[in-house]
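Open the model in your viewer and keep the selection tool ready. The tour goes from stop to stop.

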Amino acid sequence: MTNRVPLMAGNWKMNLDHLEANHLVQGLAMALQDDNHDYTACEVLVLPPFTDIRTVQTIVDADDLDIKYGAQDVSVHDNGAYTGEVSASMLTKLGCTYVVVGHSERREYHGESDALVGAKARKTLDTGMIPIMCCGEALEVRRAGTHVEFVLGQIRAALKGWSAGDVARIVIAYEPIWAIGTGETATAADAQEVCSAIREALRIDYGDTTADAVRILYGGSAKPGNIKELMAQADVDGALVGGASLKADSFAAMANFYA
Ligand code: PEP
């Protein structure tokens with residue numbers, strides 16, 4: 001057996017200004033405390049917009065919270081004439097420990113390719129943070145029944161040339177696009193089918209140690225009502241949560257899935 005620590009990651013997307021971020025993180029810390037949350041049983045991570053990160057850092061540091069925080073994207077460049085971009089070292093200076101790369105919304109609205117997603121994951125890891133690399137199929141692919149092949153193709157293209165040791169340090173988030181923000185959740189069996197196929201592909205490509213170390217999250221309308229069943233699946237190690245992470249009580253309840 002393995003000792004992968006479950007991860008509950010809240011992707012706020014483009015929601016909440018820094019004042020609202022302050023309110024949510026304080027509320028989340030209180031709700032987790034009320035639930036007697038055991039951070040060794042489930043790591044808790046928030047992924048606010050860039051403009052909120054300094055505020056979140058201030059609260060986490062001041063109150064010595066165990067809540068972790070990170071960013072929703074990162075530049076592949078170190079510095080220079082890249083208007084609008086934010087570098088990995090700027091994020092580490094703010095205490096970020098995770099970065100989401102290749103979310104389907106970035107792939108769709110910003111044309112991010114698998115190669116770019118892989119480069120962002122590489123930059124994140126090389127700068128001392130953990131990439132949460134997203135993958136997932138659109139509804140047409142799911143209907144055609146080629147979703148497993150499609151998702152493995154995305155991952156293999158992004159991680160081309162990576163060593164087993166580096167792959168072992170990343171987090172992968174399987175997020176079927178048709179389930180994101182739609183209220184349409186994949187069943188626990190759907191999530192397990194793809195998450196286990198991802199782990200088996202990692203086993204073939206990089207060996208047992210890597211396959212058993214990588215945490216694989218499910219994302220797509222995960223909420224308090226379905227988190228227990230999702231987390232009961234052998235290859236689901238956590239969730240990337242959008243909508244339900246914007247309310248302190250619901251996100252804390254999800255992190256407390258093990259209780
Ligand atoms: C997401 O933003 O990655 C996500 C899964 O959103 P939601 O939980 O709202 O479907």
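The stops below take in the ligand, the nonpolar cores and an aromatic pair. Bear in mind throughout that this is a predicted model.

**Stop 1: the ligand shell**

Select the ligand and show the residues around it. There are 14 of them. The closest are Lys13, Glu175, Gly181, Ser221 and Gly242. Colour the shell by residue class: four are nonpolar, eight are polar and two are charged.

**Stop 2: polar contacts to the ligand**

Which side chains place a polar atom 2.6 Å, 2.9 Å or 3.2 Å from a ligand oxygen? Start with glutamate 175, one of the closest residues of the shell. A polar atom of the glutamate 175 side chain sits 2.6 Å from a ligand oxygen. Move to histidine 103, where the distance from a polar side-chain atom to an oxygen of the ligand is 2.9 Å. Then pick asparagine 11: an N or O atom of its side chain is 3.2 Å from a ligand oxygen. Now turn on the surface. On its own, the ligand has 290 Å² of accessible area, and the protein covers 95% of that.

**Stop 3: the nonpolar cores**

Hide the ligand and go to the largest nonpolar core, which has 71 residues. Select Met8, Leu28, Leu91, Ile198 and Tyr218, the members with the most contacts inside this core. Centre on leucine 28. Beyond its neighbours within four places in sequence, leucine 28 is in contact with Val44, Val46, Ile67, Ala248, Phe251 and Ala252. Next, find the second core, which is separate and has 12 residues. Among them are Tyr98, Val100, Cys134 and Val171.

**Stop 4: an aromatic pair**

The structure holds two aromatic pairs. Select phenylalanine 257 and tyrosine 258. Their ring centres are 5.7 Å apart. The ring planes meet at 90 degrees, over the 60-degree cut-off, so the pair is edge-to-face. Is each partner buried, partly exposed or exposed? Phenylalanine 257 has 13% relative accessibility, so it counts as buried. Tyrosine 258 is partly exposed, at 31% relative accessible area.

Methods. Residues numbered from 1 in each chain as written. Predicted model: local features only at pLDDT ≥ 70, side-chain atom pairs only at ≥ 80, totals over all residues. Heavy atoms only, no water. Near = heavy atom within 4 Å. Polar contact = N/O pair within 3.5 Å; in protein donor to acceptor, adjacent residues only side chain to side chain. Areas by Shrake-Rupley, 256 points an atom, 1.4 Å probe, with all protein chains shown as cover. Nonpolar A, V, L, I, M, F, W, Y, C, P; charged D, E, K, R; others polar. Core = buried A, V, L, I, M, F, W, Y, C linked by side-chain atoms within 4.5 Å. Buried < 20%, exposed > 50% of the residue type's maximum accessible area, 1.4 Å probe, protein only. Contact = heavy atoms within 4.5 Å. Phe/Tyr/Trp six-rings, centres within 6.5 Å; stacked < 30°, edge-to-face > 60°.
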